[in-house]
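Biologist: Could you pull up the model and walk me through the charged side chains?
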Amino acid sequence: MSSVLRTPGPDREPLLAAHYRPISSHLAITPPVSVVIPAMNEAENLPYVFKTLPDWIHEVVLVDGDSTDDTVEVARSLWPDVKVVAQRGKGKGDALISGFEACSGDIIVMVDADGSADGNEIVSYVSALVSGADFAKGSRFANGGGTDDMTFVRKLGNWALCTVVNRKFGARYTDLCYGYNAFWRHCLDKIDLDCTGFEVETLMNIRVVKAGLKVQEIPSHEYLRIHGTSNLRAVRDGLRVLRVILQERSNRRALRRQRRSPLGNSRRGAAS
């Protein structure tokens, strides 16, 4: 899936550039990469977001949450081939699900539209995936990561929720509630996203572990939102994240009981 980009020699076919997409001087890939950006009234921030996106990505999918400013027009002026998707419902989770459905790439990258993420980091995510990971998870607290946009209360809440997920699901995360992630498209068939709010990131992180997918954390730096105010509410959304954790834990226990029950065993025996 990956290859070192080399200059064609006398005994080497000069067709490498036609089959591989150059990423850096040391890496080239074949899988097309889609970048999903959920946005609502982010016209002022999009220039900063698009400026850092690498030119080798396959497509940009902008999910517009019924913006009342020039979000869509600005996106089209910055990236003429941008694929604009009108969000059907409300919430970040709903926007991401709509964006994922519209992607045509084999690799999908999630990027926020507020200017807090550096698109230049995408190469690290893609490199992890083509090297064998199923899910490349951004972390502000892994060695080399950082954040300019978290209060002490939010850091404490993120740490507490992350600790619960690690203990209950056997994960080894250093960060939980962060929206900069990348994954192979086939992962969507195994995690079955079904929530609409900010808790979607936590749900993804839990279900990739439950599905047995290979996860690699990528150190990432979160910058301050450039313009506007965030829709995130620490207490409200923290409780929604906790609710997702408890629900996923309950579902896991129910599945274990079903597998251990005599009725479950007899059903499997009858089916075999």
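Modeller: To fix terms, helices (H or I, at least four residues) and strands (E, at least two) are DSSP runs, numbered from the N terminus. This is a predicted model, where local features need pLDDT of at least 70 and side-chain atom pairs count only at pLDDT 80 or more, while totals for chains, interfaces and linings use all residues. Residues are numbered from 1 along each chain as its sequence is written, and side-chain values use heavy atoms, with hydrogens and water left out.

Biologist: What follows H5?
Modeller: Gly-132 does, and its phi is positive, near 130°.

Biologist: How many salt bridges does the structure hold?
Modeller: There are 12, counting a side-chain nitrogen of Lys or Arg within 4 Å of a carboxyl oxygen of Asp or Glu. One of them pairs Lys-92 with Glu-201, with the closest N and O atoms 2.5 Å apart. That pair links distant parts of the chain, since Lys-92 sits in helix H4 (residues 92–102) and Glu-201 in helix H8 (residues 200–210), 109 residues apart.

Biologist: Is Lys-92 buried or exposed?
Modeller: Lys-92 is buried, with a relative accessible area of 13%, where buried means under 20%, exposed over 50% and partly exposed in between (1.4 Å probe, protein chains only). Glu-201 is buried as well, at 6% relative accessibility.

Biologist: Switching topic, where is Asp-118?
Modeller: Asp-118 lies in the loop between strand S7 (107–110) and helix H5 (122–130). The side chain of Asp-118 reaches the backbone nitrogen of Asn-120 at 3.0 Å.

Conventions. A polar contact is a pair of N or O atoms within 3.5 Å; within protein, one must be able to donate a hydrogen and the other to accept it, and residues adjacent in sequence count only if both atoms are side-chain atoms.
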